[in-house]
Amino acid sequence: MVKRGNLYIKGGLLVDPEKDRIYSGDLLIREGRISRILSGQEKEPEGIPVLKAEGLMIAPGLADTHVHFRDPGFLYKEDINTGAAAAKKGGFTQIVLMANTSPCVDTKEVLSYVLKKGKKTGIRIHSCANVSKQMKGKELTDMEELSAAGAAGFTDDGIPLIDPKLVREAMMRAKRLSKPISFHEEDPKLITNNGIHAGEAAHYYGIGGSPREAEYTLVERDLGLAEETGADIVIQHISTKEAVDLVRQAREKGISVHAEATPHHFTLTQQAAIEKGTMAKMNPPLREEEDRLAIIEGLADGTIELIATDHAPHSRQEKEQAITAAPSGIIGLETALSLGIRELVEKGFLTLPRLIHRMSTAPCKLYGLEGGMLKEGAPADLVLFDPKEHWIVREFASKACNSPFLGEEMPGVVHATICGGEIVYKIKNCCNRSGVLTRI
(Lines give C-alpha, C1' and ligand atoms only; values in the text may rest on other atoms or scores of the structure.)
Protein backbone atom coordinates (compact mmCIF):
# COMPACT_ATOMS: atom_id res chain seq x y z
CA MET A 1 0.00 0.00 0.00
CA VAL A 2 1.36 3.41 -1.00
CA LYS A 3 1.54 5.84 1.89
CA ARG A 4 -0.20 9.15 1.44
CA GLY A 5 2.05 12.16 1.01
CA ASN A 6 4.85 10.13 -0.60
CA LEU A 7 5.86 10.92 -4.17
CA TYR A 8 8.91 11.00 -6.44
CA ILE A 9 8.91 13.82 -9.00
CA LYS A 10 11.34 13.09 -11.78
CA GLY A 11 12.81 15.13 -14.59
CA GLY A 12 11.53 18.64 -13.94
CA LEU A 13 13.18 22.04 -13.73
CA LEU A 14 13.24 23.30 -10.14
CA VAL A 15 12.42 26.97 -9.58
CA ASP A 16 14.20 28.34 -6.50
CA PRO A 17 12.71 31.76 -5.66
CA GLU A 18 15.11 32.40 -2.78
CA LYS A 19 18.27 31.99 -4.84
CA ASP A 20 16.72 33.24 -8.11
CA ARG A 21 17.72 30.19 -10.10
CA ILE A 22 16.28 27.34 -12.17
CA TYR A 23 18.04 23.97 -12.27
CA SER A 24 17.39 20.32 -13.12
CA GLY A 25 16.56 17.94 -10.31
CA ASP A 26 14.25 15.35 -8.83
CA LEU A 27 12.21 15.64 -5.65
CA LEU A 28 11.71 12.84 -3.14
CA ILE A 29 8.66 13.56 -1.03
CA ARG A 30 7.96 11.64 2.16
CA GLU A 31 5.06 12.24 4.52
CA GLY A 32 4.14 15.48 2.84
CA ARG A 33 7.57 17.12 2.91
CA ILE A 34 10.50 17.45 0.54
CA SER A 35 12.81 14.76 1.88
CA ARG A 36 15.60 15.13 -0.67
CA ILE A 37 16.47 17.13 -3.76
CA LEU A 38 18.35 14.82 -6.11
CA SER A 39 20.49 15.36 -9.17
CA GLY A 40 18.35 13.06 -11.30
CA GLN A 41 21.02 10.37 -11.67
CA GLU A 42 19.85 8.33 -8.70
CA LYS A 43 17.70 5.23 -8.96
CA GLU A 44 13.99 5.78 -8.43
CA PRO A 45 12.88 4.61 -4.95
CA GLU A 46 10.71 1.55 -4.75
CA GLY A 47 7.17 1.64 -3.44
CA ILE A 48 6.67 5.35 -4.15
CA PRO A 49 4.58 6.71 -7.07
CA VAL A 50 6.68 8.42 -9.71
CA LEU A 51 5.50 11.59 -11.41
CA LYS A 52 7.41 12.24 -14.63
CA ALA A 53 7.72 15.98 -15.10
CA GLU A 54 10.06 16.38 -18.07
CA GLY A 55 9.75 19.86 -19.53
CA LEU A 56 7.79 21.24 -16.60
CA MET A 57 8.77 23.88 -14.07
CA ILE A 58 8.41 22.81 -10.44
CA ALA A 59 7.94 25.73 -8.06
CA PRO A 60 6.66 26.27 -4.53
CA GLY A 61 2.87 26.32 -4.47
CA LEU A 62 1.50 29.81 -4.99
CA ALA A 63 0.11 31.81 -2.05
CA ASP A 64 -2.61 34.44 -2.44
CA THR A 65 -3.10 36.74 0.52
CA HIS A 66 -6.14 38.60 -0.80
CA VAL A 67 -9.07 36.39 -1.77
CA HIS A 68 -12.87 36.51 -1.48
CA PHE A 69 -14.67 33.15 -1.32
CA ARG A 70 -18.02 34.76 -0.28
CA ASP A 71 -18.59 32.11 2.38
CA PRO A 72 -20.61 32.55 4.57
CA GLY A 73 -23.42 34.63 3.13
CA PHE A 74 -23.04 34.90 -0.64
CA LEU A 75 -22.77 31.28 -1.74
CA TYR A 76 -24.42 31.96 -5.08
CA LYS A 77 -21.24 33.88 -6.03
CA GLU A 78 -18.67 31.43 -4.65
CA ASP A 79 -18.12 29.14 -1.69
CA ILE A 80 -15.03 27.78 0.01
CA ASN A 81 -15.11 24.54 -1.99
CA THR A 82 -15.50 26.12 -5.43
CA GLY A 83 -13.04 28.84 -4.54
CA ALA A 84 -10.52 26.21 -3.49
CA ALA A 85 -11.08 24.40 -6.80
CA ALA A 86 -10.25 27.61 -8.66
CA ALA A 87 -7.15 28.06 -6.48
CA LYS A 88 -5.91 24.53 -7.22
CA LYS A 89 -6.41 25.01 -10.95
CA GLY A 90 -4.36 28.19 -10.75
CA GLY A 91 -1.49 26.54 -8.85
CA PHE A 92 -2.29 27.96 -5.40
CA THR A 93 -1.77 25.92 -2.24
CA GLN A 94 -2.14 28.74 0.31
CA ILE A 95 -5.06 31.16 0.47
CA VAL A 96 -5.71 34.01 2.91
CA LEU A 97 -9.38 34.97 2.85
CA MET A 98 -10.77 38.43 3.38
CA ALA A 99 -13.34 38.96 6.11
CA ASN A 100 -16.16 40.89 4.37
CA THR A 101 -18.60 37.98 4.37
CA SER A 102 -22.13 37.91 5.83
CA PRO A 103 -21.87 37.61 8.75
CA CYS A 104 -18.44 39.15 8.58
CA VAL A 105 -15.51 37.54 10.38
CA ASP A 106 -15.69 39.67 13.50
CA THR A 107 -16.22 36.80 15.98
CA LYS A 108 -14.34 33.60 16.70
CA GLU A 109 -17.46 31.59 15.80
CA VAL A 110 -17.50 32.83 12.19
CA LEU A 111 -13.73 32.48 11.94
CA SER A 112 -13.99 28.90 13.20
CA TYR A 113 -16.62 28.10 10.56
CA VAL A 114 -14.38 29.38 7.77
CA LEU A 115 -11.24 27.62 8.98
CA LYS A 116 -13.03 24.34 9.65
CA LYS A 117 -14.55 24.28 6.18
CA GLY A 118 -11.21 25.25 4.66
CA LYS A 119 -9.49 22.22 6.20
CA LYS A 120 -11.58 19.92 4.00
CA THR A 121 -10.46 21.43 0.68
CA GLY A 122 -7.06 19.76 0.27
CA ILE A 123 -5.17 23.07 0.32
CA ARG A 124 -4.25 25.45 3.13
CA ILE A 125 -7.04 27.94 3.74
CA HIS A 126 -6.40 30.78 6.19
CA SER A 127 -8.53 33.79 6.99
CA CYS A 128 -8.16 37.32 8.20
CA ALA A 129 -10.56 38.67 10.79
CA ASN A 130 -12.14 42.10 10.84
CA VAL A 131 -10.59 45.19 12.34
CA SER A 132 -13.93 46.73 13.33
CA LYS A 133 -17.17 45.19 14.56
CA GLN A 134 -19.62 44.59 11.71
CA MET A 135 -17.15 46.48 9.51
CA LYS A 136 -18.68 49.77 10.63
CA GLY A 137 -15.37 51.43 11.49
CA LYS A 138 -16.62 52.51 14.90
CA GLU A 139 -15.44 49.92 17.42
CA LEU A 140 -12.56 47.45 17.28
CA THR A 141 -13.15 43.72 17.35
CA ASP A 142 -11.63 41.55 20.06
CA MET A 143 -8.43 41.22 18.09
CA GLU A 144 -6.72 39.26 20.85
CA GLU A 145 -9.44 36.61 20.89
CA LEU A 146 -9.54 36.42 17.11
CA SER A 147 -5.77 36.06 16.92
CA ALA A 148 -5.88 33.21 19.42
CA ALA A 149 -8.63 31.58 17.33
CA GLY A 150 -6.36 31.49 14.28
CA ALA A 151 -6.79 34.78 12.41
CA ALA A 152 -3.93 35.20 9.93
CA GLY A 153 -4.22 38.99 10.09
CA PHE A 154 -6.75 41.79 10.26
CA THR A 155 -8.59 43.82 7.63
CA ASP A 156 -11.90 45.47 6.81
CA ASP A 157 -11.11 45.07 3.11
CA GLY A 158 -13.95 46.40 0.99
CA ILE A 159 -14.63 49.27 3.38
CA PRO A 160 -11.92 51.86 4.10
CA LEU A 161 -11.22 52.76 7.71
CA ILE A 162 -11.72 56.50 8.07
CA ASP A 163 -11.22 57.26 11.79
CA PRO A 164 -7.46 57.78 12.33
CA LYS A 165 -7.78 57.16 16.08
CA LEU A 166 -9.34 53.76 15.48
CA VAL A 167 -6.70 52.95 12.86
CA ARG A 168 -3.89 53.91 15.23
CA GLU A 169 -5.28 51.73 18.01
CA ALA A 170 -5.82 48.84 15.60
CA MET A 171 -2.22 49.11 14.42
CA MET A 172 -0.98 49.09 18.00
CA ARG A 173 -2.97 45.95 18.80
CA ALA A 174 -1.84 44.22 15.61
CA LYS A 175 1.74 45.10 16.52
CA ARG A 176 1.37 43.50 19.96
CA LEU A 177 -0.11 40.39 18.35
CA SER A 178 2.60 40.23 15.65
CA LYS A 179 -0.08 40.11 12.93
CA PRO A 180 -0.20 42.08 9.68
CA ILE A 181 -3.01 44.57 9.25
CA SER A 182 -4.24 45.36 5.72
CA PHE A 183 -5.90 48.48 4.40
CA HIS A 184 -8.30 49.19 1.56
CA GLU A 185 -7.21 52.72 0.69
CA GLU A 186 -10.09 54.60 -0.95
CA ASP A 187 -11.47 57.69 0.75
CA PRO A 188 -15.22 57.63 0.02
CA LYS A 189 -15.64 61.37 0.44
CA LEU A 190 -13.53 61.91 -2.67
CA ILE A 191 -15.37 59.33 -4.81
CA THR A 192 -18.45 60.05 -6.90
CA ASN A 193 -18.72 56.59 -8.49
CA ASN A 194 -16.49 53.75 -7.41
CA GLY A 195 -14.93 51.18 -9.71
CA ILE A 196 -14.18 53.57 -12.62
CA HIS A 197 -11.18 55.90 -12.81
CA ALA A 198 -11.99 59.61 -12.73
CA GLY A 199 -10.45 60.24 -16.10
CA GLU A 200 -11.12 59.10 -19.64
CA ALA A 201 -13.20 56.12 -18.48
CA ALA A 202 -15.47 58.20 -16.25
CA HIS A 203 -15.87 60.75 -19.03
CA TYR A 204 -16.88 57.96 -21.42
CA TYR A 205 -19.66 56.87 -19.07
CA GLY A 206 -20.67 60.39 -18.09
CA ILE A 207 -19.96 59.85 -14.40
CA GLY A 208 -17.64 61.33 -11.79
CA GLY A 209 -15.67 58.17 -11.05
CA SER A 210 -12.93 57.61 -8.48
CA PRO A 211 -9.90 59.93 -8.49
CA ARG A 212 -6.36 58.87 -7.68
CA GLU A 213 -6.37 61.17 -4.64
CA ALA A 214 -8.84 58.84 -2.95
CA GLU A 215 -6.10 56.23 -2.74
CA TYR A 216 -2.87 58.05 -2.12
CA THR A 217 -4.18 60.40 0.58
CA LEU A 218 -5.20 57.46 2.78
CA VAL A 219 -1.94 55.66 1.97
CA GLU A 220 -0.02 58.71 3.15
CA ARG A 221 -2.03 58.85 6.38
CA ASP A 222 -1.54 55.16 7.15
CA LEU A 223 2.18 55.23 6.41
CA GLY A 224 2.50 57.97 9.00
CA LEU A 225 0.58 55.89 11.54
CA ALA A 226 2.68 52.84 10.73
CA GLU A 227 5.85 54.81 11.37
CA GLU A 228 4.41 55.91 14.70
CA THR A 229 3.19 52.47 15.83
CA GLY A 230 5.71 50.13 14.23
CA ALA A 231 2.93 47.90 12.91
CA ASP A 232 3.31 45.60 9.90
CA ILE A 233 0.84 47.14 7.45
CA VAL A 234 -0.24 46.05 3.99
CA ILE A 235 -1.40 48.48 1.32
CA GLN A 236 -3.90 46.42 -0.62
CA HIS A 237 -4.32 46.35 -4.43
CA ILE A 238 -2.20 49.43 -5.08
CA SER A 239 -3.33 51.34 -8.17
CA THR A 240 -1.63 54.74 -8.43
CA LYS A 241 1.90 55.90 -9.19
CA GLU A 242 1.71 58.27 -6.21
CA ALA A 243 0.95 55.42 -3.80
CA VAL A 244 3.82 53.37 -5.21
CA ASP A 245 6.20 56.29 -4.64
CA LEU A 246 4.91 56.78 -1.09
CA VAL A 247 5.49 53.12 -0.27
CA ARG A 248 8.98 53.26 -1.78
CA GLN A 249 9.88 56.29 0.34
CA ALA A 250 8.43 54.67 3.46
CA ARG A 251 10.41 51.48 2.95
CA GLU A 252 13.59 53.52 2.49
CA LYS A 253 12.85 55.10 5.89
CA GLY A 254 12.51 51.64 7.46
CA ILE A 255 8.73 51.71 7.93
CA SER A 256 7.31 48.19 8.00
CA VAL A 257 5.02 48.50 5.00
CA HIS A 258 4.15 45.92 2.38
CA ALA A 259 2.17 46.44 -0.81
CA GLU A 260 0.08 44.23 -3.04
CA ALA A 261 -0.27 44.46 -6.80
CA THR A 262 -3.02 42.61 -8.62
CA PRO A 263 -2.49 41.04 -12.05
CA HIS A 264 -5.23 43.25 -13.48
CA HIS A 265 -3.59 46.43 -12.24
CA PHE A 266 -0.22 45.56 -13.79
CA THR A 267 -1.90 44.38 -17.02
CA LEU A 268 -4.81 46.70 -17.82
CA THR A 269 -5.67 50.41 -17.85
CA GLN A 270 -8.89 52.40 -17.79
CA GLN A 271 -9.23 51.62 -21.51
CA ALA A 272 -10.33 48.10 -20.51
CA ALA A 273 -13.20 49.60 -18.51
CA ILE A 274 -14.31 51.39 -21.66
CA GLU A 275 -14.02 48.29 -23.84
CA LYS A 276 -15.22 45.62 -21.43
CA GLY A 277 -17.61 47.55 -19.21
CA THR A 278 -18.52 46.01 -15.88
CA MET A 279 -16.14 43.08 -16.46
CA ALA A 280 -13.33 45.57 -15.89
CA LYS A 281 -14.95 47.45 -13.02
CA MET A 282 -13.12 47.02 -9.72
CA ASN A 283 -12.09 48.83 -6.56
CA PRO A 284 -9.70 50.54 -6.81
CA PRO A 285 -10.26 51.13 -10.51
CA LEU A 286 -7.97 50.49 -13.43
CA ARG A 287 -6.14 53.75 -14.00
CA GLU A 288 -3.68 55.17 -16.56
CA GLU A 289 -0.72 53.69 -18.38
CA GLU A 290 1.73 55.62 -16.19
CA ASP A 291 0.15 54.00 -13.12
CA ARG A 292 0.39 50.52 -14.64
CA LEU A 293 4.07 51.07 -15.44
CA ALA A 294 4.74 52.43 -11.95
CA ILE A 295 3.26 49.27 -10.45
CA ILE A 296 5.48 47.13 -12.67
CA GLU A 297 8.51 49.20 -11.65
CA GLY A 298 7.53 48.69 -8.01
CA LEU A 299 7.35 44.94 -8.51
CA ALA A 300 10.71 44.94 -10.26
CA ASP A 301 12.60 46.94 -7.62
CA GLY A 302 10.96 45.26 -4.61
CA THR A 303 8.84 48.20 -3.50
CA ILE A 304 5.82 45.97 -4.07
CA GLU A 305 6.52 42.56 -2.53
CA LEU A 306 3.24 40.76 -3.12
CA ILE A 307 1.15 39.77 -6.10
CA ALA A 308 -2.39 39.07 -4.89
CA THR A 309 -5.42 38.43 -7.06
CA ASP A 310 -8.22 40.11 -5.08
CA HIS A 311 -10.33 37.22 -6.48
CA ALA A 312 -13.83 38.72 -6.28
CA PRO A 313 -16.60 36.52 -7.73
CA HIS A 314 -19.98 37.94 -8.75
CA SER A 315 -22.92 36.42 -10.56
CA ARG A 316 -23.54 36.99 -14.26
CA GLN A 317 -26.80 38.81 -13.45
CA GLU A 318 -25.01 41.23 -11.13
CA LYS A 319 -22.37 42.07 -13.70
CA GLU A 320 -24.98 42.56 -16.44
CA GLN A 321 -26.33 45.63 -14.64
CA ALA A 322 -25.50 49.21 -15.62
CA ILE A 323 -21.97 50.42 -14.98
CA THR A 324 -22.98 52.39 -11.88
CA ALA A 325 -25.12 49.55 -10.44
CA ALA A 326 -22.93 46.50 -11.07
CA PRO A 327 -20.65 45.41 -8.21
CA SER A 328 -16.89 45.93 -8.48
CA GLY A 329 -14.43 43.09 -8.76
CA ILE A 330 -13.19 40.27 -10.98
CA ILE A 331 -12.04 36.70 -10.47
CA GLY A 332 -8.33 36.05 -10.79
CA LEU A 333 -7.02 32.82 -9.29
CA GLU A 334 -7.03 30.88 -12.55
CA THR A 335 -5.31 33.55 -14.68
CA ALA A 336 -2.81 35.07 -12.21
CA LEU A 337 0.23 32.92 -12.99
CA SER A 338 -0.30 33.28 -16.73
CA LEU A 339 -0.57 37.06 -16.50
CA GLY A 340 2.58 37.20 -14.39
CA ILE A 341 4.44 35.17 -17.02
CA ARG A 342 3.07 37.20 -19.93
CA GLU A 343 3.34 40.70 -18.51
CA LEU A 344 6.34 40.46 -16.19
CA VAL A 345 8.58 37.54 -17.19
CA GLU A 346 8.24 37.50 -20.98
CA LYS A 347 8.65 41.29 -21.08
CA GLY A 348 11.81 41.17 -18.98
CA PHE A 349 10.67 42.89 -15.78
CA LEU A 350 11.08 39.84 -13.51
CA THR A 351 12.83 36.51 -13.79
CA LEU A 352 10.58 33.50 -13.35
CA PRO A 353 11.98 32.78 -9.85
CA ARG A 354 11.39 36.43 -8.87
CA LEU A 355 7.78 36.12 -10.06
CA ILE A 356 7.34 33.02 -7.88
CA HIS A 357 8.91 34.95 -5.00
CA ARG A 358 6.22 37.64 -5.32
CA MET A 359 3.48 34.99 -5.63
CA SER A 360 4.68 32.50 -3.01
CA THR A 361 7.73 33.22 -0.87
CA ALA A 362 6.98 36.81 0.15
CA PRO A 363 3.27 36.22 0.90
CA CYS A 364 4.11 33.20 3.08
CA LYS A 365 6.80 35.13 4.94
CA LEU A 366 4.56 38.11 5.65
CA TYR A 367 1.76 35.99 7.09
CA GLY A 368 4.02 33.53 8.89
CA LEU A 369 2.88 30.61 6.73
CA GLU A 370 5.05 27.55 6.31
CA GLY A 371 5.69 27.36 2.60
CA GLY A 372 7.02 29.35 -0.32
CA MET A 373 10.37 27.52 -0.41
CA LEU A 374 11.86 24.74 -2.50
CA LYS A 375 14.31 23.06 -0.17
CA GLU A 376 14.73 19.91 1.85
CA GLY A 377 12.45 19.82 4.88
CA ALA A 378 9.95 22.26 3.39
CA PRO A 379 6.31 21.29 2.90
CA ALA A 380 5.73 19.53 -0.42
CA ASP A 381 3.41 22.28 -1.64
CA LEU A 382 4.20 22.62 -5.34
CA VAL A 383 2.94 23.81 -8.70
CA LEU A 384 4.04 22.10 -11.90
CA PHE A 385 3.59 24.20 -15.01
CA ASP A 386 4.80 24.87 -18.53
CA PRO A 387 5.47 28.61 -18.95
CA LYS A 388 5.60 28.37 -22.75
CA GLU A 389 2.50 26.27 -23.34
CA HIS A 390 -0.57 28.34 -24.23
CA TRP A 391 -4.23 28.06 -23.31
CA ILE A 392 -7.38 30.04 -24.01
CA VAL A 393 -9.44 31.46 -21.15
CA ARG A 394 -12.82 29.79 -21.65
CA GLU A 395 -14.06 27.96 -18.56
CA PHE A 396 -13.46 28.38 -14.85
CA ALA A 397 -13.47 26.10 -11.83
CA SER A 398 -14.89 29.09 -9.95
CA LYS A 399 -18.66 29.50 -9.82
CA ALA A 400 -18.16 32.91 -11.38
CA CYS A 401 -16.91 33.99 -14.80
CA ASN A 402 -16.52 37.74 -14.26
CA SER A 403 -13.12 38.14 -15.92
CA PRO A 404 -11.98 40.72 -18.46
CA PHE A 405 -9.62 38.09 -19.87
CA LEU A 406 -12.27 35.74 -21.27
CA GLY A 407 -11.31 34.58 -24.74
CA GLU A 408 -7.65 35.58 -24.46
CA GLU A 409 -4.76 33.25 -25.22
CA MET A 410 -2.20 33.09 -22.44
CA PRO A 411 1.09 31.33 -21.70
CA GLY A 412 1.56 29.18 -18.64
CA VAL A 413 -0.43 25.97 -18.27
CA VAL A 414 -0.67 24.51 -14.75
CA HIS A 415 -0.28 20.74 -15.10
CA ALA A 416 -0.53 19.82 -11.41
CA THR A 417 -0.91 21.33 -7.98
CA ILE A 418 0.46 19.37 -5.03
CA CYS A 419 -0.25 20.13 -1.36
CA GLY A 420 1.39 18.18 1.41
CA GLY A 421 2.65 15.68 -1.13
CA GLU A 422 -0.85 14.98 -2.43
CA ILE A 423 -1.86 15.78 -6.00
CA VAL A 424 -4.92 17.98 -5.52
CA TYR A 425 -5.23 19.06 -9.15
CA LYS A 426 -4.03 17.68 -12.47
CA ILE A 427 -5.10 18.43 -16.00
CA LYS A 428 -6.15 14.84 -16.70
CA ASN A 429 -6.20 11.39 -15.17
CA CYS A 430 -2.64 10.22 -15.65
CA CYS A 431 -2.04 7.26 -13.35
CA ASN A 432 -1.63 3.82 -14.90
CA ARG A 433 -1.83 0.46 -13.17
CA SER A 434 1.82 0.41 -12.21
CA GLY A 435 1.38 3.55 -10.15
CA VAL A 436 3.57 5.61 -12.45
CA LEU A 437 2.23 9.07 -13.14
CA THR A 438 3.11 10.00 -16.69
CA ARG A 439 3.66 13.60 -17.69
CA ILE A 440 0.39 15.27 -16.86
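Reader: Taking a polar contact as a pair of N or O atoms within 3.5 Å, one able to donate a hydrogen and the other to accept it, what does the side-chain oxygen of Thr 351 reach at the start of H13?

Author: The backbone nitrogen of Arg 354, to within 3.1 Å. Bear in mind that this is a predicted model.

Reader: How many residues does H13 have, and what is its span?

Author: H13 covers residues 352–367, which is 16 residues. From first C-alpha to last it reaches 22 Å, close to the 22 Å expected at 1.5 Å a residue.

Reader: Where does H13 bend?

Author: At Arg 358, by about 45°.

Reader: And how many of the H13 residues are buried?

Author: 14 of the 16, so H13 is largely enclosed by the rest of the structure.

Reader: What follows H13?

Author: Gly 368, with a positive phi near 65°.

Reader: Back one helix. How many residues of H12 are buried?

Author: Nine of its ten, so to speak of H12 (residues 336–345) as mostly covered is fair. Among the buried ones are Arg 342 and Glu 343, along with Leu 337, Leu 339 and Ile 341.

Reader: Now H7. What is its span?

Author: H7 runs over residues 241–252, twelve in number, and reaches 17 Å from its first C-alpha to its last. That is close to the 16 Å expected at 1.5 Å a residue.

Reader: Which residues of H7 are buried?

Author: Ala 243, Val 244, Leu 246, Val 247, Arg 248 and Ala 250.

Reader: Why would positions three or four places apart point the same way in an α-helix?

Author: An α-helix has 3.6 residues a turn, so residues at that spacing point the same way.

Reader: What do the buried residues of H7 pack against?

Author: Two helices and two strands: H6 (213–229) and H10 (289–301), then S11 (233–235) and S12 (257–261). After H7 comes Gly 254, whose phi is positive, near 90°.

Reader: Change of topic. Where is Asp 381, going by the helices and strands?

Author: Asp 381 is in the loop between H13 and strand S14 (382–392).

Reader: Is Asp 381 buried or exposed?

Author: Buried. Its relative accessible area is 4%, and the cut-off for buried is under 20%.

Reader: What does the side chain of Asp 381 reach?

Author: The backbone nitrogen of Gly 420, at 2.8 Å. Leaving aside neighbours within four places in sequence, Asp 381 is also in contact with residues including Ala 59, Pro 60, Thr 93, Arg 124 and Cys 419.

Reader: Which peptide bonds to proline are cis?

Author: One is from Ser 102 to Pro 103, with omega near 5°. Pro 103 sits in the loop between strand S7 (92–97) and helix H2 (108–118). Another is from Asn 283 to Pro 284, with omega near -10°. Pro 284 belongs to the loop between helix H9 (270–276) and H10.

Reader: What sign does phi have at Glu 31 and Asp 310?

Author: Positive. Glu 31 has phi near 50°, and Asp 310 likewise has phi near 50°. For background, most residues other than glycine have a negative phi.

Reader: Where do those two residues lie?

Author: Glu 31 is in the loop between strand S2 (21–30) and strand S3 (33–38). Asp 310 is in the loop between strand S13 (306–307) and helix H11 (316–319).

Reader: Buried or exposed, for each of Glu 31 and Asp 310?

Author: Glu 31 is exposed at 68% relative accessible area, whereas Asp 310 is buried at 9%.

Reader: Last topic, the whole protein chain. How many helices and strands?

Author: 13 helices and 17 strands. Of the 440 residues, 61% are buried.

Reader: What is the radius of gyration?

Author: 21 Å, which agrees with the value near 22 Å for a compact globule of 440 residues. The C-alpha atoms fill a box of roughly 65 × 45 × 45 Å along the principal axes.

Reader: Among contacts between residues at least 6 apart in sequence, what percentage join residues at least 24 apart?

Author: 75%.

Conventions: Residues are numbered from 1 along each chain as its sequence is written. This is a predicted model: local features need pLDDT of at least 70, side-chain atom pairs count only at pLDDT 80 or more; totals for chains, interfaces and linings use all residues. Side-chain values use heavy atoms; hydrogens and water are left out. Helices (H or I, at least four residues) and strands (E, at least two) are DSSP runs, numbered from the N terminus. The expected span of a helix is 1.5 Å times one less than its number of residues. The bend at a residue is the angle between axes fitted to the seven residues ending there and the seven starting there. Buried means under 20% relative accessible area, exposed over 50%, partly exposed in between (1.4 Å probe, protein chains only). The radius of gyration is taken over C-alpha atoms; the globule rule is 2.2 Å times the number of residues to the power 0.38. Contact means heavy atoms within 4.5 Å.
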